[in-house]
Amino acid sequence: YQRRVHGDYKAQSQLLPALGDAELHKLKELSVVSMASEHRVLPYTLLLQSLDITDVRQLEDLLIDTITHGLLKAKLDQKSRTVEVLDTIGRDCQAQDIDNMLSTLLKWIEDSQNVINTLGEIEITAKKKKKKKKKK
């Protein structure tokens, strides 16, 4: 069930084999990782709804397990009922992710070239100013 999340399983559960408790727990951990890779702050309400969990304590136990298993680096903020994501493991990418990765890389190349060009202009300006100072 590569790259899928709990919501996908729930929507197709009639077509798929039943998951045991440990498998369902792992799928929920991976679902947290998927959400965390897209958002740096995860509200408990979103997690509770997405993971089909009704109790905040159960959610926090799942989050602690996810962190302990090294799948996620995060801080739990019980007061604001959010998870601040610091880092996540990577999950296998799907075909539809390739276009987004390509456009991100192309944008990075463009931005890098702009920085190089700007630095070149600054260098030229600095050399001109230095020549003017020497002439005086």
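**Entry 1: terms and starting point**

I began by noting that two strands count as paired if DSSP finds at least two bridges between them. With that in hand, I looked up Ala74 and found that its bridge partner in strand S3 is Val85. I also wrote down that I am reading a predicted model, so every value below is a computed one.

**Entry 2: the sheet**

In what order do the strands of the sheet stand? I found an open sheet of three strands in the order S1-S3-S2, with antiparallel pairing. Strand S1, residues 41-43, and strand S2, residues 72-77, are at the edges, and each has a single partner strand, so one side of each has no neighbour in the sheet. When I looked up the angle between neighbouring strands, ignoring direction, I found that they are turned by 25° against each other on average. As a reminder to myself, strands of a sheet pair through backbone hydrogen bonds, either parallel or antiparallel.

**Entry 3: the bridges, pair by pair**

I next asked how many bridges join S2 to S3. There are six, and these two strands, S3 being residues 82-88, run antiparallel. Going along S2, I noted that Lys73 stands opposite Asp87 in S3, that Ala74 is partnered with Val85, and that Lys75 has Glu84 as its bridge partner. On the other side, S1 is joined to S3 by three bridges, and this pair also runs antiparallel. Here I found Val41 standing opposite Glu84 in S3. Glu84 therefore appears twice in my notes, as the partner of Lys75 and as the residue opposite Val41, as fits.

**Entry 4: the hairpin and two positive phi values**

I followed the chain from S2 into S3 and found a hairpin with four residues between the strands. Arg81 belongs to the loop between S2 and S3, and its phi is positive, at about 55°, although Arg81 is not a glycine. With 38% relative accessibility, Arg81 counts as partly exposed, because that class covers the values between 20% and 50%.

Where does Asp52 lie? I found Asp52 in the loop between H3 and H4, and its phi is near 60°, again a positive value in a residue other than glycine. Asp52 has a relative accessibility of 45% and so counts as partly exposed.

**Entry 5: helices on the sheet**

I turned to helix H2, residues 21-38, which lies across S1, S2 and S3 and runs at about 85° to S3. Helix H4, residues 56-68, also packs on the sheet, where it touches S2 and S3, and its direction makes about 150° with that of S2. I then checked the length of H2: at 1.5 Å a residue its 18 residues should span 26 Å, and the end C-alpha atoms are 26 Å apart, which agrees.

**Entry 6: where H2 meets H4**

At what angle do the axes of H2 and H4 cross? They cross at roughly 80° and come within 10 Å, and the two helices are therefore roughly perpendicular to each other. From H2 I listed His25, Lys28, Glu29, Val32 and Val33, which meet Leu62, Leu63, Asp65 and Thr66 in H4. Sorting the residues of this contact, I counted four nonpolar, two polar and three charged.

**Entry 7: buried or exposed?**

I looked up which residues of H2 are buried, and found Leu27, Lys28, Glu29, Ser31, Val32, Val33, Ser34, Met35 and Ala36. What covers these buried residues includes helix H1 (6-11), S1, helix H3 (44-50), H4, S2 and S3. I noted that Lys28, Glu29, Val32 and Val33 are among the buried residues and also take part in the contact with H4.

**Entry 8: two distances to Asp87**

Lastly I looked up two residues against Asp87 in S3. Asp61 is found in helix H4 and, at 33% relative accessibility, counts as partly exposed. The C-alpha atoms of Asp61 and Asp87 are separated by 19 Å, and the two residues are 26 residues apart along the chain. Leu46 has its place in helix H3, and with a relative accessible area of 31% it is partly exposed. Between the C-alpha atoms of Leu46 and Asp87, which are 41 residues apart along the chain, I again noted a separation of 19 Å.

Note on methods: Residues numbered from 1 in each chain as written. Predicted model: local features only at pLDDT ≥ 70, side-chain atom pairs only at ≥ 80, totals over all residues. Heavy atoms only, no water. Axes fitted to C-alpha atoms, helices over the stretch in contact; angles between N-to-C directions. Contact = heavy atoms within 4.5 Å. Parallel < 35°, antiparallel > 145°, perpendicular 65-115°, else oblique. Nonpolar A, V, L, I, M, F, W, Y, C, P; charged D, E, K, R; others polar. Expected span 1.5 Å × (residues − 1). Buried < 20%, exposed > 50% of the residue type's maximum accessible area, 1.4 Å probe, protein only.
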